[in-house]
Amino acid sequence: MKFFIDTANLDQIKEAEDLGILDGVTTNPSLMAKEGISGANNILQHYVNICNIVDGPVSAEVIATDYEGMVKEGEDLAELHSNIVVKVPMTKEGIKAIKYFSTKGIKTNCTLIFSAGQALIAAKAGATYVSPFIGRLDDVSTNGVALIEQIRLIFDNYMFDTQILAASVRHPMHIIECAEIGADVMTGPLSAILALINHPLTDNGLAKFLADYNKLNG
Ligand code: G3P
């Protein structure tokens with residue numbers, strides 16, 4: 001499973017990249033705003049800065065909601081760097097834009113997916129990735145991980161190339177469950193990724209090994 005980090009924070013992206021297990025980055029307008037990035041030029045420059053840190057797909061979301069606007073914005077974003085993936089919302093206009101981008105060889109991430117039907121439509125339009133938001137489904141008492149399972153079955157039935165990018169991942173068990181099901185990619189906060197490393201028995205075991213070594217070696 002590929003690991004993307006879901007942030008526009010350059011320090012966190014660098015920290016994940018330094019770990020050696022980072023495959024890409026996803027951003028969205030809320031995450032850009034959280035970093036205080038505003039103004040068209042600053043936003044575009046920030047995407048380039050991210051692309052200069054991580055050698056993998058970087059999702060950059062369009063703001064336009066109409067087809068023509070999405071196509072214009074998406075083409076501008078795609079020209080920024082070869083790693084850019086144009087993130088497009090799951091709407092009728094968005095699906096038309098994804099179809100257009102797929103015929104032009106521009107990679108897309110169809111975002112705000114909350115049902116298997118939406119994922120199926122996005123795959124048929126030629127999306128490179130679909131992003132089911134599992135945490136936000138959990139927030140409304142619906143099993144987000146079960147949606148990943150449903151989409152996996154459908155995509156495998158028809159051998160869609162579209163990759164399942166489990167998004168709105170909140171904690172390490174989301175990552176484990178998505179990996180069990182066979183999500184192609186997960187995107188989440190650095191904290192969820194780092195939490196996979198920790199185990200109290202590892203800490204205890206290491207402390208014991210070092211104590212035993214020091215008994216004889218001072
Ligand atoms: O990748 C989608 C993500 O940014 C949404 O996450 O935690 O705001 O639901 P969250």
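The exercises below work through one predicted protein model and its ligand, step by step.

Residues are numbered from 1 along each chain as its sequence is written. In this predicted model, local features need pLDDT of at least 70 and side-chain atom pairs count only at pLDDT 80 or more, while totals for chains, interfaces and linings use all residues; side-chain values use heavy atoms, with hydrogens and water left out.

**Exercise 1. The whole chain**

Task: Describe the protein chain by its secondary structure, its box and its buried share.

Solution:
- Step 1. Take the secondary structure. The chain has 11 helices and eight strands. Helices (H or I, at least four residues) and strands (E, at least two) are DSSP runs, numbered from the N terminus.
- Step 2. Take the box. Along the principal axes, the C-alpha atoms fill roughly 70 × 40 × 30 Å.
- Step 3. Take burial. The chain has 218 residues, and 45% of them count as buried. Buried means under 20% relative accessible area, exposed over 50%, and partly exposed in between (1.4 Å probe, protein chains only).

**Exercise 2. The ligand and its shell**

Task: Which residues surround the ligand, and how do they divide by type?

Solution:
- Step 1. List the shell. Asp6, Asn28, Phe133, Arg136, Ala167, Ser168, Arg170 and Thr187 surround the ligand. A residue is near a molecule if one of its heavy atoms lies within 4 Å of it.
- Step 2. Sort the shell. Two residues are nonpolar, three are polar and three are charged. Ala, Val, Leu, Ile, Met, Phe, Trp, Tyr, Cys and Pro count as nonpolar, Asp, Glu, Lys and Arg as charged, and the others, Gly among them, as polar.

**Exercise 3. Contacts and cover**

Task: Find polar contacts of the ligand with aspartate 6, asparagine 28 and arginine 136. Then state how much of the ligand is buried.

Solution:
- Step 1. Fix the rule. A polar contact is a pair of N or O atoms within 3.5 Å; within protein, one must be able to donate a hydrogen and the other to accept it, and residues adjacent in sequence count only if both atoms are side-chain atoms.
- Step 2. Read the distances. A polar side-chain atom of aspartate 6 is 2.5 Å from a ligand oxygen. For asparagine 28 the distance is 2.9 Å. For an N or O atom in the side chain of arginine 136 it is 2.7 Å.
- Step 3. Read the cover. The ligand taken alone exposes 310 Å², and the protein buries 82% of that. Such areas come from the Shrake-Rupley method with a 1.4 Å probe; for residues, only the protein chains shown count as cover.

**Exercise 4. Two positive phi angles**

Task: Compare the settings of methionine 159 and serine 168. Is each residue buried or exposed?

Solution:
- Step 1. Recall the background. Most residues other than glycine have a negative phi.
- Step 2. Check methionine 159. Its phi is positive, about 50°, although it is not a glycine. It lies in the loop between helix 8 (144-158) and strand 7 (163-166). Methionine 159 counts as exposed because its relative accessibility is 71%.
- Step 3. Check serine 168. Its phi is also positive, near 60°. Its loop runs between strand 7 and helix 9 (172-181). Serine 168 has a relative accessible area of 10%, so it is buried. Serine 168 is also one of the residues around the ligand.

**Exercise 5. Side chain to backbone**

Task: Which backbone oxygens do threonine 162 and arginine 152 reach?

Solution:
- Step 1. Place threonine 162. It lies in the loop between helix 8 and strand 7. Its relative accessible area is 4%, so it is buried.
- Step 2. Find its partner. The side chain of threonine 162 reaches the backbone oxygen of alanine 127 at 2.7 Å.
- Step 3. Place arginine 152. It lies in helix 8. Arginine 152 counts as buried because its relative accessibility is 13%.
- Step 4. Find its partner. A polar side-chain atom of arginine 152 lies 2.8 Å from the backbone oxygen of glycine 182.

**Exercise 6. Sequence and space**

Task: How far apart in space are tyrosine 100 and tyrosine 67, and leucine 137 and aspartate 203?

Solution:
- Step 1. Take tyrosine 100, in helix 5 (residues 92-104). It is partly exposed because its relative accessible area is 21%.
- Step 2. Tyrosine 100 and tyrosine 67 are 33 residues apart in sequence and 9.5 Å apart in space, C-alpha to C-alpha.
- Step 3. Take leucine 137, in helix 7 (residues 134-139). Its relative accessibility is 8%, so it counts as buried.
- Step 4. Leucine 137 and aspartate 203 are 66 residues apart along the chain, and 34 Å separates their C-alpha atoms.
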